[in-house]
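Reader: I should like to learn how empty spaces and helix packing are read from a model. May we work through an example together?

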Amino acid sequence: MDNNQLPTKFDLIVIGTGLIESILSAAASRIGKTVLHIDSNDYYGCNWASFNLQTLHNFTVSKLETDNSDDDCLRIGNNLFDIKNFKTTWHFSDAQSNNPEETEISVTQEDLLAHSRRFNIDLVPKIHYARGDFVQLLISSNIARYVEYRSVSRVLTYLNGQLEVVPCSRSDVFANNKVSVIEKRMLMKLLTSLEKIEERLQDENQCKKSFFEFLKDERLSPSLIHYVLYAMARCENNDSVKQGIESTKRFLHSLGRFGKTPFLFSLYGSGETAQAFCRLSAVFGAIFALNQTSLKGLKTTDEKLTHILNGDQEIFAEQFVLGAQYAPQKFMKKLEIQQFISRAVFITDRSLLPSEQEHLTLLMFPPEEGKNLITIIEMGHLTGTCPKGFYLVHLTSKQISSPHEDFQHVVQKLFNHEDKEAPAILWSCYFSLPGIDNLDVCESLPENLFLCSGPDLDLDYDASIKKAKEIFIKMYPDLEFLPRAPDPEEIIIGDDHEAENKEEDKSV
Amino acid sequence: MAKTYDYLFKLLLIGDSGVGKTCVLFRFSEDAFNTTFISTIGIDFKIRTIDLDGKKIKLQIWDTAGQERFRTITTAYYRGAMGIMLVYDITNEKSFENIKNWIRNIEENASADVEKMLLGNKCELEEKRQVSKERGEQLAIEYGIKFIETSAKASIRVEEAFFTLARDIKAKMEKKLEASNPPKGGHQLRTSEPQKKPTSWLSRCTLL
């Protein structure tokens, strides 16, 4: 394209296309602000992106050009928030050739790569509560039109050495023969009286208890405790009772809206979500430019940012929003971040728990052997993230040592290659994502610069929505956050258009 | 609410900035023309329902929202698209050369069986023509797709272009249906809750 020059004056410049940056871009553009939204990568999403197999297999952390000697500006970018320990491996064992009668396993690396584009592999897979803030925002802002969703069709847990379906709906309860009638009664009693329990706990000042202890005190059977604690509340053993009750309520509140479970997943992968916000932003006039590798630095005057240097261009704006990885090193008071998220992705040849229909599965793998609670999402081809006949399995947990070590026990238990029934891992990918729950690594910032944190450990985007909203309110205190965008049929092109149109008719 | 159409086709417009994508869209959807769009602000998609062989076909035609300008079309834009109009400007050589890049972009992002068509727009500007009709035809043959020269301004063959694309998609789809390949699908989230009463087992658990 010939015209590569960007305009040079905006209300807002957003650098980075991560989720929070994209939400802010959409929100500002939606209320009529002029927005320039740029990214040094040639893809959308930063650390929230999804990739096809080939691209992810060859993934390298992209670096901004930092060799320029222009030192009177603040260089954009730091390496604190880089993805670490990235490793991909093909697992086509020789065992296959030893078993010539098993012709069904004849997949090769080339076969998978030939379907590379059918894979949409999330760096950060997210599941949404059907009545959570994120889903409500999608609907109320009309951004829902850009993305499609599927319901998570079952929730599993790992109990007494095997996978169990967690009863979510009434029919699940009927079908469940692992839970006795008495247990069902106990579970019902607990779940229907959570509000009352909450009140009672305040009176009795029992809040210091862990949710686990509380459930034990309620005399729930071990398997019920397991269902509620890990699968519904997604709690670790020492999480507080308050937290436990809140997340259980959240689970229950989202039941019965879109499917059998309270959860939704975005078709074609989680990376679509940031793009949906970018689309809205563009529809309302924002200018997008990816692959801006000559993004150099920020210029300040009197504690305020004034403009950015992009190649030879100086581009001015009133406000600046940056993804955390674009924050100048100068603002970083620490040189390292402590908390990482362990991630693994596997391509497998069958489901963890095969059934007649293809399932989209959420499995909460309980903390054991000194490891953390692990969120496992298994998706088949109906999610648009992998070709038919394969599954993508995503593992996520708070990092203890390394992704490999954090998930080793799960791999042994669920993907044991000596067990012929278990899924075989054909390809694996391990990496550590910087976990940034808060940006306490940053020094005090210029008043018109706002930093957006990267992915968190949450199952969903609700906390990210909240962070985006907080920044929006700081930037535009009196304006509405993502009001409903009109439907296309509601847009009427003004009168001058009609007049012109009449002239047009005459001339034809 | 009863469905007012038999098929819904998602179509995309692709091509360089300034080739007249939005004008083509307006000509087809509203039979109007407006030269005052500087870029594609506020236009998401337009809908027009057409009759084809006794079937009502709702065409949902998406515009690029200006994201083509710096080649930043989202991969999400291509999802679920059944037909793509590749548009160039016959008075702009560069926009014609770039069609190859757009086709590569489509191959990377759209579904493999998406129906494509090449449009040489602004054919009313004969005196400024830089790309001959023959070259347009030749390129279309190379990619095995159909080709038409249109003018959104003078309202020439815009209808014909969309009807042709829609007819080809319909034919392909009916062939597929015969082969009984049920389409996969997700759901768009709607404001209204499902009609069915929430069957949360908490709301009525008489058994327990």
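**Cavities, a pocket and helix pairs**

Author: Let us begin with the lining of the largest cavity, whose residues divide into seven nonpolar, two polar and five charged. Please bear in mind that this is a predicted model.

Reader: How is such a space found, and how many cavities of 30 Å³ or more does the whole structure hold?

Author: Rolling a probe the size of a water molecule over the atoms shows where empty space is left. Here, a search of the whole structure yields four cavities of 30 Å³ or more. The volume of the largest cavity is about 100 Å³.

Reader: Which residues lie nearest the centre of the largest cavity?

Author: Its lining comprises 14 residues, and those nearest the centre are A:P125, A:K126, A:T396, A:L457 and A:D458. Two elements of chain A, strand 16 (340-348) and strand 18 (374-379), each give two or more residues to this lining.

Reader: Where does the largest cavity lie with respect to the domains of chain A?

Author: The largest cavity lies between domain 1 (9-81 + 269-335 + 442-482) and domain 2 (84-122 + 338-435) of chain A, because both domains give residues to its lining.

Reader: What is the volume of the second largest cavity, and which residues lie nearest its centre?

Author: The second largest cavity holds about 70 Å³ of space. Among its 15 lining residues, A:W48, A:Q325, A:S453, A:G454 and A:P455 lie nearest the centre. By class, this lining has eight nonpolar, six polar and one charged.

Reader: Let us turn to pockets. What is the volume of the second largest pocket, and what lines it?

Author: The second largest pocket has a volume of about 1000 Å³. It is lined by 35 residues, and A:R234, A:Q243, A:R250, A:D458 and A:L459 are the closest to its centre. Helix 5 (133-141), helix 11 (241-253), strand 19 (391-398) and helix 14 of chain A each give two or more residues to the lining. The lining divides into nine nonpolar, 11 polar and 15 charged residues. Domain 1 and domain 2 of chain A each supply at least three residues to it.

Reader: Helix 14 invites a question about packing. At what angle do the axes of helix 1 and helix 14 of chain A cross?

Author: One reads the angle between the axes, then the handedness of the crossing. The axes of helix 1 (residues 19-30) and helix 14 (residues 462-475) of chain A cross at roughly 45° and come within 9 Å. Helix 1 of chain A is therefore oblique to helix 14 of chain A. Their crossing is right-handed.

Reader: How does helix 1 of chain A pack with helix 12 of chain A?

Author: Helix 1 of chain A and helix 12 (residues 271-283) of chain A have axes 8 Å apart, at an angle of about 20°. An angle under 35 degrees counts as roughly parallel, so helix 1 of chain A is roughly parallel to helix 12 of chain A. This crossing is left-handed.

Reader: Which angle is found for helix 4 and helix 5 of chain B?

Author: In chain B, helix 4 (residues 99-109) and helix 5 (residues 133-143) pack at about 25°, with axes 12 Å apart. That angle makes helix 4 of chain B roughly parallel to helix 5 of chain B. Helix 4 of chain B passes helix 5 of chain B in a right-handed crossing.

Technical notes:
Residues are numbered from 1 along each chain as its sequence is written. Chains are lettered from A and ligands numbered from 1 in the order in which they are written. This is a predicted model: local features need pLDDT of at least 70, side-chain atom pairs count only at pLDDT 80 or more; totals for chains, interfaces and linings use all residues. Side-chain values use heavy atoms; hydrogens and water are left out. On a 1 Å grid over the protein atoms alone, a cavity is a set of points where a 1.4 Å probe fits but cannot get out, and a pocket is an open set with protein on both sides within 12 Å along at least five of seven lines; lining residues have an atom within 4 Å of a point. Grid points are joined across faces, edges and corners, and a volume is the space filled by probe spheres set on the points. Helices (H or I, at least four residues) and strands (E, at least two) are DSSP runs, numbered from the N terminus. Ala, Val, Leu, Ile, Met, Phe, Trp, Tyr, Cys and Pro count as nonpolar, Asp, Glu, Lys and Arg as charged, and the others, Gly among them, as polar. Domain bounds come from an automatic or database domain assignment. Axes are lines fitted to C-alpha atoms, for helices over the stretch in contact, and angles run from 0 to 180 degrees between N-to-C directions. Angles under 35 degrees count as roughly parallel, over 145 as roughly antiparallel, 65 to 115 as roughly perpendicular and the rest as oblique. A crossing is left-handed if the near helix is turned anticlockwise from the far one by less than a right angle, and right-handed if clockwise.
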